[in-house]
Amino acid sequence: MLSPFDLPAGILLLVTDQLSSPADFVLYRAVFDHLKAAKSDKVTKAIVLSVSPDRARWAAVAAKSNIQLDQKLTTGAFTFVDVISPKSEPDLRPAFDTVVSELGKSGGADVLVVVDDLATLEWTGTPVLDLTCFCRALAAACRKANATLLIRQHVLTPSTTEPILEDLFRTLHHMCTYHMEVLPLSSGRSGAVSGQVALHIGPGTVRAGVKLYPRSSAIHYKLADTGALFFERGTASGVL
Amino acid sequence: MSFKRKTTRQTTTTPLVSTGIHSLDDILGGGIPLSCSLVLTAPDPHSEYDQLVLKYFLAQGLASNQRICVVGSDTENWTAQCMWLPPNSARQIADTVDEDTETQSDEKIKIAWRYEQMKPFQTTVGTSSSTGATADPCCTFDLTTRIPPSVIADAVKAQDLLFLSIDGSKDNLSTTSVLKRLEEVLANGKTQTPLRVCIPDLGSPSWGDLKAHNLLHFLHCLRALLRRYPHACACVSLATEWSADHVATGWYQKLGWMSDGAITLDAFSGNPALAAAFPGLHGLLRIHTLPAPTTLVPASDRFSTLRGTGTGAGSGENNLGFKCTRKRLVFETVHLDVEGGVGERRTTAPPSAVDVQPSIASKKIVAAVVEVELEGTPSPEPVAAPVKKSRKRVGFQSDRPEVYDF
């Protein structure tokens, strides 16, 4: 899952990002690679729980990768769930029920569940306890169905370069199998390199041969229209 | 090097609307895309540059015959203070040229031949460089002209200009009711003309007691509303008490996540040291996030001349600032002054070798001219120094070189 990282399926991947290096491209790449991996004998499904109302953006970016999301929506390979609604307070229960029912309907398909993002819910007033319960329930449901869960979390770096560890982040970090950090360059903005990605192992996971990228040797990426191009730090690899 | 096959992609390019300020349109990548929200913060309590930008936004909408909805308290009076097109548009071009050349007083500068072809150093984009990507061409407004009341009255009569007042009750937050009424306006209007939502002073006391999460919730729901009605866009300016970064942890970043575009206009009014360091500017512009409604990369990264991220690989981003002249508000790149504290570059011819008398261009230093005479030229000993010492002179005496005569 997620080239160039060789992550296994059935994990809980926590993706953290900052305002100067948003991780939208990671989510898009995970979902589109998952949908493209569908073969005649293997059915793949992707469920996206989104707090931001960005269905049009998903469709536009998917079109650049030659995926017709509308078609996938009708066939049921792609499900988009809006968690927040402006009329009422955000209620996580309906979203959870939708995911559970979709997981039940999937049969033997390979399912990827993406949650984008919970920090917004916390900042707009949802109690952290509710969000924690929601995450735990979702993680349990995905583990039962052997689905991969990808949770995106924004971290804040107000005055220092070190992100502040909020309670929700700590909870998610304890639960995750792998933690992917999308960071800006430590030397500031650049026109050529958009940022860097580090991959850490979760606190309770046994090392299983997945190549990790600590912050000191994080991979650099450059955003293009179709997605991100990765290259090792200090090399150009035909990208630059 | 791999060759990229040029595919005919059906790009869903979102239509853009102009903000009324050429340089701000450039920074945003052509203008504000429809269905996007832009949040402006101005932490300086002594000035209101964010409200000025909002007035430009409104005036541009009126000049382009678009629909506008102003949300706030006392909105009619606020709208009446907006700027307008200059009365005589032919004169306006000459006036802007005069303003731009205020520092180029001396035309007889000797320029080395290889640089003669170069254009003068420009810190901002000109008025003629409109890319044509916006639905409405950016008009050049004049800050010395007020909007005619007839224009406002006509727009109100045609229902193109709507005023939404704030009403909050004890059990209903003002933000919730505003969102509900805004949705009614968006649902009932014509969808062919763009609608501009203008919210000056969000979070001011007339909005009632709001907490940080109420404001963030409002901005988030506003963005969701704009996505559902993509013929509209919004420009919001936060009240001063909500504009500073210390309101909540990581406040600017939270604002950036809740909206499509977030910029801060950090004026120098309360900080005289910064004002002295950047004499030509009135403040610095900080960009937190820029709109990218259908693409991964914001359009500004590729198209903005002022930000300078598009040209060449490995180029950094320019620092940006703004200044408000008598007639307009301009955003431009920030450049440090020449070292040594001299106001202008030295362009006078080098003086002759014998009598070195460096001329200091700045008028600040009162004439304390230092006269240095080279060794070798026999200088007569000063016989009787006159009592009136008008100039300080340091003279080398050729027979007693170790003695300096002050």
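**Exercise 1. Burial in the two chains**

Find what share of the residues of chain A is buried, and what share of chain B.

Solution. The model is predicted. A residue is called buried when its relative accessible area is under 20%. In chain A, 54% of the 240 residues pass this test. Chain B has 406 residues, and 46% of them are buried. The accessible surface of chain A is about 10,300 Å², with 53% of it on carbon and sulfur atoms. For chain B the surface is about 22,900 Å², and carbon and sulfur atoms hold 55%.

**Exercise 2. The overall form of chain A**

Decide whether the radius of gyration of chain A agrees or disagrees with that of a compact globule.

Solution. Start with the expected value: a compact globule of 240 residues would have a radius of gyration near 18 Å. Chain A has 17 Å, so the two agree. Next, look at the extent of the C-alpha trace, which is about 45 × 45 × 40 Å along the principal axes. Chain A contains seven helices and nine strands. Finally, take its contacts between residues at least 6 apart in sequence: 68% of them join residues at least 24 apart.

**Exercise 3. Charges of chain A**

Count the positive and negative side chains of chain A and state how far apart the centres of the two sets lie.

Solution. There are 23 positive and 23 negative side chains. The centres of these two sets are 5 Å apart.

**Exercise 4. Two helices of chain B**

Check the lengths of helices α6 and α7 of chain B, then describe how they are covered.

Solution. Chain B has ten helices and 17 strands. The rule allows 1.5 Å a residue.

- Helix α6(B) covers residues 174–188, which is 15 residues, so it should span 21 Å; its end C-alpha atoms are 21 Å apart, in agreement.
- Helix α7(B) covers residues 212–228, which is 17 residues, so it should span 24 Å; the distance between its end C-alpha atoms is 25 Å, which agrees.

Now turn to burial. In α7(B), 14 of the 17 residues are buried. The buried residues of α6(B) include Val178(B), Leu179(B), Leu182(B) and Leu186(B). The buried residues of this helix pack against α7 and also against strands β4, β7, β8 and β9 of chain B.

**Exercise 5. The loop before α6(B)**

Locate Ser165(B) and classify it as buried, partly exposed or exposed.

Solution. Ser165(B) sits in the loop between β7 and α6 of chain B. Its relative accessible area is 43%, so it is partly exposed. Leaving out residues up to four places away in sequence, Ser165(B) touches Gly72(B) and Arg181(B). Glu332(B) is 167 residues from Ser165(B) in sequence, and their C-alpha atoms are 35 Å apart.

**Exercise 6. Unusual backbone angles**

Say where Asn65(B), Gln159(B) and Asp117(A) lie, and what marks the backbone at each.

Solution. Begin with the rule: most residues other than glycine have a negative phi, and most peptide bonds are trans.

1. Asn65(B) is not a glycine, yet its phi is positive, about 55°. Asn65(B) is in the loop between α2 and β4 of chain B, and its relative accessible area of 59% makes it exposed.
2. Gln159(B) also has a positive phi, near 60°. Gln159(B) belongs to the loop between α5 and β7 of chain B and is exposed at 54%.
3. Asp117(A) lies in the loop between β4 and α5 of chain A. The bond joining Asp116(A) to Asp117(A) is cis, with omega about -20°.

Technical notes. Residues are numbered from 1 along each chain as its sequence is written. Chains are lettered from A and ligands numbered from 1 in the order in which they are written. This is a predicted model: local features need pLDDT of at least 70, side-chain atom pairs count only at pLDDT 80 or more; totals for chains, interfaces and linings use all residues. Side-chain values use heavy atoms; hydrogens and water are left out. Helices (H or I, at least four residues) and strands (E, at least two) are DSSP runs, numbered from the N terminus. The radius of gyration is taken over C-alpha atoms; the globule rule is 2.2 Å times the number of residues to the power 0.38. Buried means under 20% relative accessible area, exposed over 50%, partly exposed in between (1.4 Å probe, protein chains only). Contact means heavy atoms within 4.5 Å. Accessible areas come from the Shrake-Rupley method with a 1.4 Å probe; for residues, only the protein chains shown count as cover. Lys and Arg count as positive and Asp and Glu as negative; His and the chain ends are not counted. The place of a charge is taken as NZ of Lys, CZ of Arg, CG of Asp or CD of Glu. The expected span of a helix is 1.5 Å times one less than its number of residues.
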